[in-house]
Number of protein chains: 2
Amino acid sequence: MAHCYKYPRAALTVDCVVFGLDEQDLKVLLIQRDSEPFAGTWALPGGFVDIDETLEDAANRELSEETGAKQVPLEQLYTFGDLDRDPRGRTVSVAYYALVRLSDYSLQAASDARDAAWFAVSELPGLAFDHKKIIDLALERVRGKVRFEPIGFELLPRKFTLNELQGLYEILLARSLDKGDFRKKILAMDLLEELDEFEQGGTGPAAELYRFRKEKYRRLAEAGFVFEF
Amino acid sequence: MAHCYKYPRAALTVDCVVFGLDEQDLKVLLIQRDSEPFAGTWALPGGFVDIDETLEDAANRELSEETGAKQVPLEQLYTFGDLDRDPRGRTVSVAYYALVRLSDYSLQAASDARDAAWFAVSELPGLAFDHKKIIDLALERVRGKVRFEPIGFELLPRKFTLNELQGLYEILLARSLDKGDFRKKILAMDLLEELDEFEQGGTGPAAELYRFRKEKYRRLAEAGFVFEF
DNA sequence: CCAAAAGTGTTCTCCATACACCCATGC
DNA sequence: GCATGGGTGTATGGAGAACACTTTTGG
């Protein structure tokens, strides 16, 4: 059953850039393509948008089908429309991105993907289509956004130490931070809850665990407060 | 000659939110639709993307066809894909925005528009489709961006006084600024060129004219400098 | 002379930075 | 005891906020 139109129409797809944090590295979730074009090549999870689903639904569906990751809080990144970005013909892709806790997701390749895996952003394999460009833009967006919105917490376990948090900011901002100043600044916001629990690291004293007060932040943000680091 | 596909495809359009500044008001460029749906209603300039043109080319073409405005430096805003946003059927629209000098553009309605005109953002008429939502998002984006990029200058004449510039920031940030502090801060960046020319306003002393040093800014920005107001 | 607008100077506070220091733990 | 890492305290400079003040022009 064919669908016919007066004018030719571009195909519409979505692609997802999902970031996770693993000790030292910021990682991206990729799938190995099972079908042409670019069969065998690593690529972002994504695919065609159905006629009766929203863009965001399509992104979440494809992500779930290809990697098993469900309920990922995706945000729209940018729409890529270069003429030659897909060898099958004119294809416009709406890209989404998300930050997740690596530990929350156990991957399982499915549908049109052979495999799904995390790659450090500094050691990406060759990628299909213009997906390298998409990841670069997503990185830029995340690095800009982390300074003005508390999105870093989405990458950490729910309970974390201040030093883990500092490490995260050092990775995302790509510079080292003063320990004392970091603690003062982040605690002064009064957005962290001290849990009176401790993490037994290897050597040295046990580190206090904290939790991000998401609800309090939401209330403050609505009242005009701007998180800034 | 019909074009047929195995699966139904959404239609793809672009919409343009063009801002201009007029003394006191931030204004948006709208067209009055000539054809159905929403004939007679005001709407954003925009239309269908041809199969062999990029999204940005489509946006510039539609803007030029419907309003006469050419060479507008458009930036992508967001892609709207709600299922019911167009009564003709599933339509996904990539929205663009731009800031221009009102004086640079003399409007002329054309093609499928009856009329084109500037409206103050605080006094918008009823709008077609989800265009109100698009303008609201564009406003939010501009208001956020003006603090970290020198985009305000695109709304002013090439030569301007510091007080005009201050007025612009007061409009965009929606708060009043201290004269002395504003001058100190903006001059301390050393991004304005003093022209030794003066503008004869009504009453009071003549005001010094300045020009934004775009090239210098570009060089600094590449070296990591961040404009911040 | 007066109102309005251009432009300068001063004070105070707060915060980012840099850096020194102390304490707890494992080996 | 000592290296490692957790956590606190302090001096300094610079930027932002608030506000006073001078000067120039048209009416």
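**Contacts with DNA strand C and the second largest pocket**

In the predicted model, a polar side-chain atom of A:Asp181 is placed 3.0 Å from a base nitrogen of DNA strand C. A base nitrogen of this strand also lies 3.2 Å from an N or O atom in the side chain of A:Asp178. The backbone of DNA strand C is approached from chain B, where a backbone N or O atom of B:Glu208 is found 2.9 Å from a phosphate oxygen.

In total, 18 residues surround DNA strand C, and those that come nearest are A:Asp181, B:Asn163, B:Lys179, B:Arg183 and B:Lys184. At least two residues of this surface are supplied by each of helix H4 (179–188) of chain A, helix H4 (179–188) of chain B and strand S11 (207–212) of chain B, with H4(B) giving the most, 4 residues. The surface near DNA strand C comprises 7 charged, 7 polar and 4 nonpolar residues. On the side of the nucleic acid, sugar or phosphate accounts for 42% of the atoms of DNA strand C within 4 Å of the protein, the rest belonging to bases.

The second largest pocket has a volume of about 760 Å³ and is lined by 25 residues, among which A:Arg101, A:Pro150, A:Phe153, A:Glu154 and A:Lys214 lie nearest its centre. Strand S7 (91–100), strand S11 (207–212) and helix H5 (214–222), which belong to chain A, each contribute at least two residues to the lining, and the largest share, 4 residues, comes from S7(A). By class, the lining of this pocket is made up of 14 nonpolar, 10 charged and 1 polar residues.

Technical notes
Residues numbered from 1 in each chain as written. Chains lettered and ligands numbered in written order. Predicted model: local features only at pLDDT ≥ 70, side-chain atom pairs only at ≥ 80, totals over all residues. Heavy atoms only, no water. 1 Å grid on protein atoms, 1.4 Å probe; cavity = no way out; pocket = protein on both sides within 12 Å on 5 of 7 lines; lining within 4 Å. Points joined across faces, edges and corners; volume = space filled by probe spheres on them. Nonpolar A, V, L, I, M, F, W, Y, C, P; charged D, E, K, R; others polar. Near = heavy atom within 4 Å. Polar contact = N/O pair within 3.5 Å; in protein donor to acceptor, adjacent residues only side chain to side chain.
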